Amino acid sequence: MNDSKLFRIFRLVRNFFFSSVNREFLIFLFFFALSGAFWLLMALNETYEREISITANIVDIPKNVVLSSDTTTTVRVTVKDKGYYLFTYIYGDKLRPINIKFENYAKKNGSGVVSSSELQKFIYQQLYGSSRISSLKPDKIEFLFNYGLNKRVPVKLLGKVEAGQSYYLSKISFSPDSVDIYANEDVLDSISFIYTQKQNLLNLTDTVIKDIPLQKLRGVKTVPSSIRMSVFPDVLTEETFDVPITSVNMPEGKILRTFPSRVTVTFTVGASMFRSIRQDNFIVVADYNELVANPSEKCNIYLRAIPHGVLNARLSINQVDYLIEEQ
């Protein structure tokens, strides 16, 4: 671009900004900005109250100590002061996290308390001299600890997990299925398992794998604090087996023959599990003692055993003809 073109562009810009109309507009913008600056200065000079969050950390924890409560607490402090001081608290880096030394507040009973006055003392060290604290939430910090006492407990599901229509839950597993808990001796003795946080998973038709936190108990540290839950729904299918009828409680020298000798068992099972189900996993019986106690032309038969995972197992008939023979 040559010098003549640059000069023409400069002249157009100059004429635009310094024409009579645009000059008045620029003057308006100048005074508008000036009035805004005055308003902001007056507003910041007023006294306000604002809630500010400050992090409080328990530090210098001995290696043989396990803190069974949180090591970090968020303290919400309401501060009263001029607006420009509050502005620096909220948007600047004036306020730093509070570091509370473990040894200064730990007691022999496995607890420690940082009082409201102590908290305010920590916070005032960072505030301007004109600032005043109106309130603290929480008004004190409590922590619990022990010297490594722990035990391993199983995890249990809290809540409801249900399969969708024509499905069933073939398996629910946790990884890990047990966790270590740290607490004082009395608390450890009172805990035999730990629940997950409440879950509600309904109408499941596909595998669900999710990380879920465990319930928090006062004075208890859980390691790990969350587990992975896997839920496996499976399609239900109806199947049948012809199962032989066997006799029970038969005295020596006698044989019970039934007609028919086999009976159809109908059952529901997950499609993926059906291949592991065998006919001899089902047991159908006729009881000799019942026949002696209640003689009848027909004998009752019962489904005494079914394999794991089978649902709604039922016999096609509940009575059969029979004959007792001597050997």
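**Figure 1. The salt bridge between Arg257 and Glu325.** Arg257 and Glu325 form a salt bridge whose closest N and O atoms are 2.6 Å apart; the term denotes a side-chain nitrogen of Lys or Arg within 4 Å of a carboxyl oxygen of Asp or Glu. Arg257 belongs to strand 17 (residues 254-259) and Glu325 to strand 23 (residues 319-326), so the pair ties together parts that are 68 residues apart in sequence. Helices (H or I, at least four residues) and strands (E, at least two) are DSSP runs, numbered from the N terminus. Arg257 is partly exposed at 39% relative accessibility, and Glu325 is partly exposed at 26%. In these legends, buried means under 20% relative accessible area, exposed means over 50%, and partly exposed lies in between (1.4 Å probe, protein chains only). The model is a predicted one, in which local features need pLDDT of at least 70 and side-chain atom pairs count only at pLDDT 80 or more, while totals for chains, interfaces and linings use all residues. Residues are numbered from 1 along each chain as its sequence is written, and side-chain values use heavy atoms, with hydrogens and water left out.

**Figure 2. Salt bridges of strand 16 with strands 14 and 22.** Arg228 forms a salt bridge with Asp211, with 2.9 Å between the closest N and O atoms. This pair links distant parts of the chain, since Arg228 is in strand 16 (residues 226-248) and Asp211 is in strand 14 (residues 208-213), 17 residues apart. Both partners are partly exposed: Arg228 has a relative accessibility of 42%, and Asp211 has a relative accessible area of 48%. A salt bridge also joins Glu238 to Arg314, where the closest N and O atoms are 2.8 Å apart. Glu238 lies in strand 16 and Arg314 in strand 22 (residues 311-315), so this pair ties together parts that are 76 residues apart in sequence. Arg314 is partly exposed, at 39% relative accessibility. The count of salt bridges by this rule comes to nine.

**Figure 3. The open sheet of strands 2, 7 and 5.** Three strands form an open sheet in the order 2-7-5, with antiparallel pairing. Strand 2 (66-67) and strand 5 (111-114) stand at the edges, each with a single partner strand, so one side of each is left without a neighbour in the sheet. Two strands count as paired if DSSP finds at least two bridges between them. Strand 2 and strand 7 (residues 141-146) run antiparallel and are joined by two bridges. Val66 has Asn146 of strand 7 as its bridge partner.

**Figure 4. Ser111 and its surroundings in strand 5.** Ser111 is buried, with a relative accessible area of 15%. The side chains of Ser111 and Asn109 are joined by a polar contact of 2.8 Å. A polar contact is a pair of N or O atoms within 3.5 Å; within protein, one must be able to donate a hydrogen and the other to accept it, and residues adjacent in sequence count only if both atoms are side-chain atoms. Leaving aside neighbours within four places in sequence, Ser111 is in contact (heavy atoms within 4.5 Å) with Tyr105, Ala106, Phe143, Leu144 and Phe145.

**Figure 5. The open sheet of strands 12, 8, 11 and 15.** The four strands follow the order 12-8-11-15, and their pairing is mixed. Strand 12 (194-195) and strand 15 (221-223) stand at the edges, each with a single partner strand, so one side of each is left without a neighbour in the sheet. Strand 8 (residues 150-156) pairs with strand 12 in the parallel sense over two bridges. Ile194 in strand 12 is the bridge partner of Val155.
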